[in-house]
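Q: I would like a close look at one part of this model, followed outward into whatever surrounds it. Please take it slowly and explain the terms as they come up.
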Amino acid sequence: MAKIGASAGWNDNYVQTITASKTLNNGDSGKVFLIATDALVVTLPATQAGVRFTFINSGADGNNIITLSPNASDKIMGSISNAAADSVCSASDDGDLVNTKTTANKGDRVTLIGDGSDGWYIAEGVGIWACA
């Protein structure tokens with residue numbers, strides 16, 4: 001079956017494990033990515049309206065640094081509420097979103113949705129993430 005349109009994608013029914021730094025493309029939209037390897041950088045494609053990615057830390061507590069890096073002209077915008085302190089991205093171009101190693105827990109996650117203009121919005125998340 002062909003996937004057509006800006007919001008065409010896997011609709012969270014495709015789970016892929018990432019074990020090395022990776023550059024995504026818009027065809028990966030809708031996938032859920034499990035990351036258990038330390039110090040990975042996942043590079044996002046240029047924003048496109050409706051493109052969606054979910055990233056889950058599947059490694060042991062305190063084991064992983066996961067870095068989500070947007071295209072140089074895109075931002076990551078929004079916040080992740082948590083008990084310790086909210087993680088807030090202030091929307092700077094090329095600013096990374098990082099699940100820091102010391103505070104990382106198995107199951108920390110974030111879902112990003114592209115707006116096709118400014119970058120990526122945080123639609124949902126759990127855990128402590130830092131914006132760089």
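With which residue does Lys 101 form a salt bridge, and how far apart are the closest N and O atoms?

A: This is a predicted model, in which local features need pLDDT of at least 70 and side-chain atom pairs count only at pLDDT 80 or more, while totals for chains, interfaces and linings use all residues. Residues are numbered from 1 along each chain as its sequence is written, and side-chain values use heavy atoms, with hydrogens and water left out.

Lys 101 forms its salt bridge with Asp 38, and the closest N and O atoms are 2.8 Å apart. Lys 101 sits in the loop between strand 9 (97–99) and strand 10, and Asp 38 in the loop between strand 3 and strand 4, so the pair ties together parts that are 63 residues apart in sequence. The term salt bridge stands for a side-chain nitrogen of Lys or Arg within 4 Å of a carboxyl oxygen of Asp or Glu, and strands are DSSP runs (E, at least two residues) numbered from the N terminus. Lys 101 is partly exposed at 32% relative accessibility, and Asp 38 is partly exposed at 29%; here buried means under 20% relative accessible area, exposed means over 50%, and partly exposed is in between, for a 1.4 Å probe and protein chains only.

By this rule there are four salt bridges. One of them joins the side chains of Asp 28 and Lys 31, at 2.8 Å from N to O; Asp 28 is buried, with a relative accessible area of 7%, and Lys 31 is buried as well, with 9%. Another links Asp 93 and Lys 75, whose closest N and O atoms are 2.9 Å apart. Asp 93 belongs to the loop between strand 8 (87–90) and strand 9, and Lys 75 to strand 7, so this pair ties together parts that are 18 residues apart in sequence. Asp 93 is partly exposed, with a relative accessible area of 42%.

The loop that holds Lys 101 follows strand 9, and the pairing of that strand leads inward. Strand 9 pairs with strand 6 in the antiparallel sense over three bridges, where two strands count as paired if DSSP finds at least two bridges between them. Leu 68 has Leu 97 in strand 9 as its bridge partner. Strand 6 also pairs with strand 4, in the parallel sense and over four bridges, with Thr 43 standing opposite Ser 69 of strand 6. Both faces of strand 6 are covered, since Ile 66 and Leu 68 on one side and Thr 67 and Ser 69 on the other are all buried.

Leu 68 and Leu 97 appear again in the largest nonpolar core, which has 21 residues, and they are listed with Phe 55, Val 110 and Leu 112 as those with the most contacts inside it. Strand 3 (32–35), strand 4 (40–43), strand 5 (52–57), strand 6 (66–69), strand 7 (75–80), strand 10 (109–114) and strand 11 (119–126) each supply at least two residues of this core. Such a core is a set of buried Ala, Val, Leu, Ile, Met, Phe, Trp, Tyr and Cys residues joined through side-chain atoms within 4.5 Å. Leaving aside residues up to four places away in sequence, Leu 97 touches residues including Ile 66, Ile 76, Val 110, Leu 112, Ile 122 and Trp 129, as well as Cys 89 and Cys 131, a contact being heavy atoms within 4.5 Å.

Those two cysteines, Cys 89 and Cys 131, are joined by a disulfide with an S to S distance of 1.8 Å. Cys 89 is in strand 8 and Cys 131 in strand 12 (residues 129–131), so the pair ties together parts that are 42 residues apart in sequence. The torsion about their S-S bond is about -65°, so the disulfide is left-handed. One disulfide is found in the whole structure, the criterion being a pair of cysteine sulfur atoms within 2.5 Å. Cys 89 is buried at 8% relative accessible area, whereas Cys 131 is partly exposed at 32%.

Strand 8 also marks one edge of an open sheet, which has seven strands in the order 1-3-5-10-11-7-8 with mixed pairing. The edge strands are strand 1 (15–18) and strand 8, each of which pairs on one side only. Strand 1 runs parallel to strand 3, joined to it by four bridges; Val 15 has Val 32 as its bridge partner there, and Thr 17 stands opposite Leu 34. Strand 3 in turn pairs with strand 5 in the parallel sense over four bridges, and the bridge partner of Val 32 in strand 5 is Thr 54.
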